[in-house]
Amino acid sequence: MDEIAIADETIRLGQFLKLAGLADAGSDAKALVEAGEVTVNGRVDTRRGRRLRAGDVVACGGRRARVVSG
């Protein structure tokens, strides 16, 4: 599992998908989230604007990334 540092206290799910390399572009992130292909802490989440915090784990396409404070 990759650990991805964020500069602020929170980051939106769509932004995190791009930062972590789980999506190539914002439009890709949007499509993945809307299709129900993204989980946050083991549960499908279809809210691209969901706020993630340190410790949250995002999974998509067989890859996982954890949010860490940067």
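Let's start with a contact. Arg66 and Glu3 form a salt bridge, with their closest N and O atoms 3.4 Å apart. This pair ties together distant parts of the chain: Arg66 sits in strand 7, Glu3 sits in strand 1, and 63 residues separate them. A word of caution before I go on. This is a predicted model.

How accessible are the two partners? Arg66 is partly exposed, at 29% relative accessibility. Glu3 is exposed, at 53%. The cut-off for exposed is over 50%, so Glu3 passes it.

Now, how many salt bridges does a search of the whole structure find? The search finds 5. Here is another of them. Arg63 and Asp2 meet through their side chains, N to O, at 3.8 Å. The cut-off for a salt bridge is within 4 Å, so this pair counts. Again, distant parts of the chain are linked. Arg63 belongs to strand 7, which covers residues 63-69, and Asp2 belongs to strand 1, residues 2-6. The two are 61 residues apart. Both partners are partly exposed: Arg63 has a relative accessible area of 37%, and Asp2 has 39%.

So much for strands 1 and 7. Next, Asp45. Its side chain meets that of Arg47 in a salt bridge, at 2.9 Å from N to O. Which residues join Asp45 in a network through shared partners? They are Arg47 and Arg50. Is Asp45 buried or exposed? Asp45 is buried, with a relative accessible area of 5%. Under 20% counts as buried, so Asp45 qualifies. As a general point, side chains of opposite charge can pair when their charged atoms come close.

On to charge without pairing. The surface carries a patch of positive charge. Its residues are Arg12, Lys18, Lys30, Arg48 and Arg51. Patch residues have no salt bridge and over 30% relative accessible area. Take Lys30. This residue is partly exposed at 36% relative accessibility, so it clears that 30% cut-off. Lys30 and Arg48 are 18 residues apart along the chain. Their C-alpha atoms are separated by 6.4 Å.

Where does Lys30 sit? Lys30 is in helix 2, residues 26-34. Let's look at that helix. Ala29, Leu32 and Val33 are its buried residues to note. Look down the axis of helix 2, and the buried residues fall within an arc of 95°, so they line one face. What about the other side of the helix? There, Ser27 and Glu34 are exposed. So helix 2 has Ala29, Leu32 and Val33 buried, Ser27 and Glu34 exposed on the other side, and Lys30 partly exposed.

One backbone detail to finish. Which sign does phi of Asn41 take, positive or negative? Phi of Asn41 is positive, near 55°, and this residue is not glycine. Asn41 lies in a loop, between strand 3 (38-40) and strand 4 (43-44). Asn41 is partly exposed, at 40% relative accessibility.

To recap. Strands 7 and 1 are linked by Arg66 with Glu3, and by Arg63 with Asp2. Asp45, Arg47 and Arg50 make one network. Lys30 of helix 2 belongs to the positive patch. Asn41 has its positive phi in the loop after strand 3.

Definitions and conventions
Residues are numbered from 1 along each chain as its sequence is written. This is a predicted model: local features need pLDDT of at least 70, side-chain atom pairs count only at pLDDT 80 or more; totals for chains, interfaces and linings use all residues. Side-chain values use heavy atoms; hydrogens and water are left out. Helices (H or I, at least four residues) and strands (E, at least two) are DSSP runs, numbered from the N terminus. Buried means under 20% relative accessible area, exposed over 50%, partly exposed in between (1.4 Å probe, protein chains only). Patches are made of residues with over 30% relative accessible area and no salt bridge: like charges are joined within 9 Å, nonpolar side chains (Val, Leu, Ile, Met, Phe, Trp, Tyr) within 5 Å. Accessible areas come from the Shrake-Rupley method with a 1.4 Å probe; for residues, only the protein chains shown count as cover. Lys and Arg count as positive and Asp and Glu as negative; His and the chain ends are not counted. The place of a charge is taken as NZ of Lys, CZ of Arg, CG of Asp or CD of Glu. The arc is that of the directions from the helix axis to the C-beta atoms.
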